[in-house]
Amino acid sequence: MRGQLDLIAIERAVNGTAPEGMTGLELHEAARILAVHGGTIKTIAAQLRVPKQQISGWFPELVQEPYGEYVCGTPRAYRRHLKPGERCGTCCGANSARDRDRKYGRAA
């Protein structure tokens with residue numbers, strides 16, 4: 001343990017083991033780690049079993065802006081930006097991540 005954080009519980013939560021009895025600080029730290037590694041609000045909330053609103057409150061920068069009927073931060077929205085010649089860093093990153101996953105045989 002480091003201060004108020006159980007680092008083993010955080011590591012288990014980040015690696016997909018169901019978090020039970022974690023404090024708010026531990027959940028926040030696990031969510032921060034997942035966000036740094038490209039997690040979305042939806043995936044982080046599902047993995048940590050907390051409401052999506054809690055994750056978006058902790059990390060407002062992860063909130064995706066709607067783009068037409070699509071949400072920025074997806075490969076589909078990236079293609080929508082290409083048509084009018086727009087450049088969106090969020091969508092470019094999502095498209096690049098999808099391409100890497102396909103190249104290295106990871107599930108998309």
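Helix 1 is followed by Gly16, whose phi is positive, near 105 degrees. Helices here are DSSP runs of H or I with at least four residues, and strands are E runs of at least two, numbered from the N terminus. The model is predicted, so local features need pLDDT of at least 70 and side-chain atom pairs count only at pLDDT 80 or more, while totals for chains, interfaces and linings use all residues. Residues are numbered from 1 along each chain as its sequence is written, and side-chain values use heavy atoms, with hydrogens and water left out.

At the other end, where helix 1 starts, a side-chain oxygen of Asp6 reaches to within 3.2 Å of the backbone nitrogen of Ile8. Which residues of helix 1 (residues 7–14) are buried? They are Ala9, Ile10 and Ala13, where buried means under 20% relative accessible area, exposed over 50% and partly exposed in between (1.4 Å probe, protein chains only). These residues cover an arc of only 100 degrees around the axis, taken from the directions to the C-beta atoms, and therefore lie on the same side of helix 1. Ile8, Glu11 and Arg12, on the other side, are exposed. The cover over the buried residues includes helix 2 (24–36) and helix 3 (41–48).

Helix 2 and helix 3 also meet each other: their axes, lines fitted to C-alpha atoms over the stretch in contact, come within 10 Å and cross at roughly 140 degrees. The contact (heavy atoms within 4.5 Å) is made by Leu27, Ala30, Ala31, Leu34 and Ala35 of helix 2 and by Ile44, Gln47 and Leu48 of helix 3.

Notes. A polar contact is a pair of N or O atoms within 3.5 Å; within protein, one must be able to donate a hydrogen and the other to accept it, and residues adjacent in sequence count only if both atoms are side-chain atoms. Axes are lines fitted to C-alpha atoms, for helices over the stretch in contact, and angles run from 0 to 180 degrees between N-to-C directions.
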